[in-house]
Amino acid sequence: MTDRNPDTPILRLGTRRSPLAMAQAEETRARLCSAHGWEVSAVELVPVLASGDKIKDRPLADIGGKALWTKELDAWLAEGRIDAAVHSMKDVETFRPAELCIAAILPRADIADVLVGASSIRSLPQGAVVGTSAPRRAAQLLNARPDCKAVPIRGNVATRLAKLQAGEADATFLARAGLERLGETSVGTPLDPEEWLPAPAQAAIGIECRVDDEETRELLAAIDHRESHEAVLAERALLARLSGDCHSPIAMLTSRDGDRLTIRCALYSPDGTQRIERSGHGTADDHGWIEDLARELFANLKPGMTPYFGLERA
Ligand SMILES: NCc1[nH]cc(CCC(=O)O)c1CC(=O)O
């Protein structure tokens with residue numbers, strides 16, 4: 001890249017503005033520069049304000065709007081103002097615009113949820129108030145501890161920790177991956193993912209671009225981590241078959257043995273009183289087993305679990 005004008009980036013990378021999103025964009029830039037031997041200026045980070053970031057006072061699951069984190073970045077991609085967009089895959093809609101593709105998934109970070117404010121679910125005080133706006137975490141909590149109360153809490157990681165300090169709740173949940181990316185590794189106690197299944201695509205950073213932008217797709221392919229990519233696509237495929245989204249009380253955990261992927265999936269009623277779990281396995285290139293797993297889950301739904309878990313039902 002000796003003859004490159006340093007004022008003209010090779011790739012414009014769109015990102016949300018939150019500290020976590022910026023950290024993820026920085027990680028993506030570092031991986032791109034390292035993979036291609038570029039200097040930092042080759043990748044321009046373009047912060048975009050997402051609609052989800054403008055709404056601070058309500059649980060997002062209540063708002064009913066869609067694409068709260070992706071709408072603006074999608075538009076900027078479509079208009080060619082950015083070449084690619086960095087996302088927490090956990091928050092990305094189950095169904096994406098056909099013009100876009102997930103060109104890369106970075107190596108997945110620690111998938112565990114962290115409990116802040118107590119050393120385990122069991123040791124939460126009787127009747128503890130736990131701040132979480134995630135229907136999955138609320139249902140998991142109430143399933144394990146029906147005496148506890150889940151109350152909405154919003155804001156970025158720092159805001160949530162401050163709210164805990166201020167006594168808004170006795171405890172809260174955060175994703176370990178997010179804390180690690182912010183350098184906050186000593187916060188809270190990680191929950192064993194085998195016992196407390198994470199959200200679909202938790203801890204995965206994905207980079208999207210326009211399907212017809214071959215050049216960008218090729219540049220991004222260099223930082224794709226195949227095993228993480230396959231697991232995340234499998235989890236998203238199951239979520240799609242369940243008609244779920246990031247507001248659904250659905251938890252899953254993928255493990256891998258050679259070419260064989262296994263997904264354990266748990267569905268909850270929103271109040272946590274009901275839980276079912278099934279698992280399935282198969283390869284990444286044929287998702288027939290995921291369809292079978294979804295069908296088996298549907299065949300075993302309990303009262304309060306509806307075939308449609310997402311926002312549109314509300
Ligand atoms: N729901 C918001 C969100 N989206 C992604 C992460 C963390 C990073 C990740 O899981 O990739 C978080 C914060 C959290 O759940 O604590």
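Two strands count as paired here if DSSP finds at least two bridges between them. Keep that in mind for the exercises below, which all work on a predicted model.

**Exercise 1. Work out the strand order of the open sheet, and find which strands stand at its edges.**

Step 1. Five strands make up the open sheet, and walking across it gives β2-β1-β3-β10-β4, with mixed pairing.

Step 2. Now look at the two ends of that list. β2 (43–47) and β4 (100–105) each have a single partner strand, so one side of each has no neighbour in the sheet.

Step 3. For the twist, ignore direction and average over neighbouring strands: they are turned by 30 degrees against each other.

**Exercise 2. Sort out the sense of the pairing for β1 with β3, β3 with β10, and β4 with β10.**

Step 1. Start with a reminder: strands in a sheet pair through backbone hydrogen bonds, in either a parallel or an antiparallel way.

Step 2. β1 (residues 11–15) and β3 (residues 84–88) run parallel and are joined by two bridges. To see one partnership, pick Gly14, whose bridge partner in β3 is Ala85.

Step 3. Move on to β3 and β10, which pair antiparallel over five bridges. Here His87 sits opposite Gly206 of β10.

Step 4. β4 and β10 also pair antiparallel, over five bridges. Gly206 turns up again, as the β10 bridge partner of Ile105.

Step 5. How enclosed is β10? Five of its six residues are buried, so β10 is largely enclosed by the rest of the structure.

**Exercise 3. Find which strands helices α4 and α8 touch or lie across, and give an angle for each helix.**

Step 1. Helix α4 (residues 71–78) lies across β1, β3, β4 and β10 (205–210), and runs at about 160 degrees to β1.

Step 2. Helix α8 (residues 214–221) packs on the sheet too, touching β1, β3, β4 and β10. Its direction makes about 20 degrees with that of β4.

**Exercise 4. Check the span of α9 and trace what its buried residues pack against.**

Step 1. α9 (residues 226–241) has 16 residues, and first C-alpha to last comes to 22 Å. That is close to the 22 Å expected at 1.5 Å a residue.

Step 2. List some buried positions of α9: among them are Ser228, His229, Val232, Glu235, Arg236 and Leu239.

Step 3. Follow the contacts. The buried residues of α9 pack against β4, β10, β11 (250–257), β12 (260–268) and α10 (288–299).

Step 4. Step past the helix end: just after α9, Ser243 has a positive phi of about 55 degrees.

**Exercise 5. Decide whether Cys246 and Lys54 are buried or exposed.**

Step 1. Locate Cys246 in the loop between α9 and β11. UniProt, in an unreviewed entry, lists Cys246 as the modified residue S-(dipyrrolylmethanemethyl)cysteine.

Step 2. Count neighbours. The cut-off for buried is 20 or more other C-beta atoms within 10 Å. Cys246 has 26 C-beta neighbours inside 10 Å, so Cys246 is buried.

Step 3. Setting aside neighbours within four places in sequence, Cys246 is in contact with Lys90 and Asp91.

Step 4. Lys54 lies in helix α2 (residues 51–54). With 9 other C-beta atoms within 10 Å, Lys54 is exposed.

**Exercise 6. Describe how domain 2 and domain 3 meet.**

Step 1. The domain assignment puts domain 2 at 113–190 and domain 3 at 240–313.

Step 2. Their C-alpha centres lie 24 Å apart.

Step 3. As for contacts, nine residues of domain 2 are in contact with eleven residues of domain 3.

Definitions and conventions: Residues numbered from 1 in each chain as written. Predicted model: local features only at pLDDT ≥ 70, side-chain atom pairs only at ≥ 80, totals over all residues. Helix = DSSP H or I, 4+ residues; strand = E, 2+ residues; numbered from the N terminus. Axes fitted to C-alpha atoms, helices over the stretch in contact; angles between N-to-C directions. Contact = placed C-beta atoms within 7 Å. Expected span 1.5 Å × (residues − 1). Buried ≥ 20, exposed ≤ 12 C-beta atoms within 10 Å, placed from the backbone. UniProt positions renumbered as here; feature names shortened; annotations may be inferred. Domains from an automatic or database assignment.
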